[in-house]
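I opened the model today to look up two things, its aromatic rings and its pockets, and I note below what I found.

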Amino acid sequence: MKRVIIFTDGACRGNPGPGGWGALLRYGNQEKTLSGGEANTTNNRMELMAAIQSLAAISETCIIELYTDSQYVQKGITEWLPKWQKCHWKKADNKPVKNADLWQELEKQSRRHHISWHWVKGHNGHIENELVDALANKAIDKLHE
C-alpha cells in the first residue's frame with residue numbers, strides 16, 4: 001500500500017471573512033500542492049477543507065500521515081467525532097456541532113484510508129507548515145483579483 005504524507009493549513013482574514021486552505025501531498029519524491037478559498041467562511045472551516053480536499057485528491061487507499069496545526073481538526077477527528085456521532089451531532093451541552101457538514105465529509109474521506117493524525121505547532125518555522133500557510137493565504141489573495 002502506498003504511503004503519503006500530507007501537510008494542511010487553513011487561514012481566514014476576519015472570522016468570519018475571506019478564507020483559504022492549502023495542502024502539500026508527498027509520495028516518495030513526488031509533491032503536489034492544492035489550495036482553494038471561500039469569500040465568507042471561518043478559520044475552522046478552512047482547516048477542515050484542507051484535510052478534506054487533500055484526502056479526496058488521493059484516488060486509491062493509502063497509508064497516510066497527516067500533519068495539521070489545527071488542534072480542532074486533530075482532536076476533532078481522533079477524539080470528538082465518535083461522541084458527536086453517537087449523540088446525533090450534538091455536543092455535551094446539547095447544542096449542534098459546528099461545521100457538522102464538513103466533519104461528516106472528513107469522516108467519509110478518512111474511511112477510505114489508514115490515517116495517522118499529527119498536530120504541529122503553527123507559525124513556528126516548520127517548513128511544510130509554513131508552505132501550506134502561504135498557499136492558504138495566496139488562495140485568499142486570489143479571491144480579491
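Entry 1, aromatic cluster. In this predicted model, I found that Tyr72, Trp80, Trp84, Trp89 and Trp103 form one aromatic cluster. I then looked up the pairs and noted that the structure holds six of the aromatic kind.

Entry 2, Trp84 and Trp89. I asked myself why the pair of Trp84 and Trp89 is classed as it is. Their ring centres lie 6.4 Å apart and their planes stand at 40 degrees, so I recorded the pair as tilted, given that only planes over 60 degrees apart count as edge-to-face and those under 30 as stacked.

Entry 3, Trp84 and Trp103. I turned next to the aromatic pair of Trp84 with Trp103, which is edge-to-face, with 5.2 Å from centre to centre and 65 degrees between the planes. This pair links distant parts of the chain, since Trp84 belongs to helix 2 (residues 71-86) and Trp103 to helix 3 (residues 100-111), 19 residues apart. Is Trp84 buried or exposed? Its relative accessible area is 10%, and because buried means under 20%, I entered Trp84 as buried; Trp103 is buried too.

Entry 4, largest pocket. I looked up the largest pocket and noted about 240 Å³ of space in it. Its lining comprises 13 residues, and those nearest the centre are Val4, Leu25, Tyr27, Gln30 and Ile58. Strand 2 (17-27) and strand 3 (30-41) are the elements that give two or more residues to this lining. Sorting the lining by class, I wrote down six nonpolar, two polar and five charged residues.

How values were computed: Residues numbered from 1 in each chain as written. Predicted model: local features only at pLDDT ≥ 70, side-chain atom pairs only at ≥ 80, totals over all residues. Heavy atoms only, no water. 1 Å grid on protein atoms, 1.4 Å probe; cavity = no way out; pocket = protein on both sides within 12 Å on 5 of 7 lines; lining within 4 Å. Points joined across faces, edges and corners; volume = space filled by probe spheres on them. Helix = DSSP H or I, 4+ residues; strand = E, 2+ residues; numbered from the N terminus. Nonpolar A, V, L, I, M, F, W, Y, C, P; charged D, E, K, R; others polar. Phe/Tyr/Trp six-rings, centres within 6.5 Å; stacked < 30°, edge-to-face > 60°. Buried < 20%, exposed > 50% of the residue type's maximum accessible area, 1.4 Å probe, protein only.
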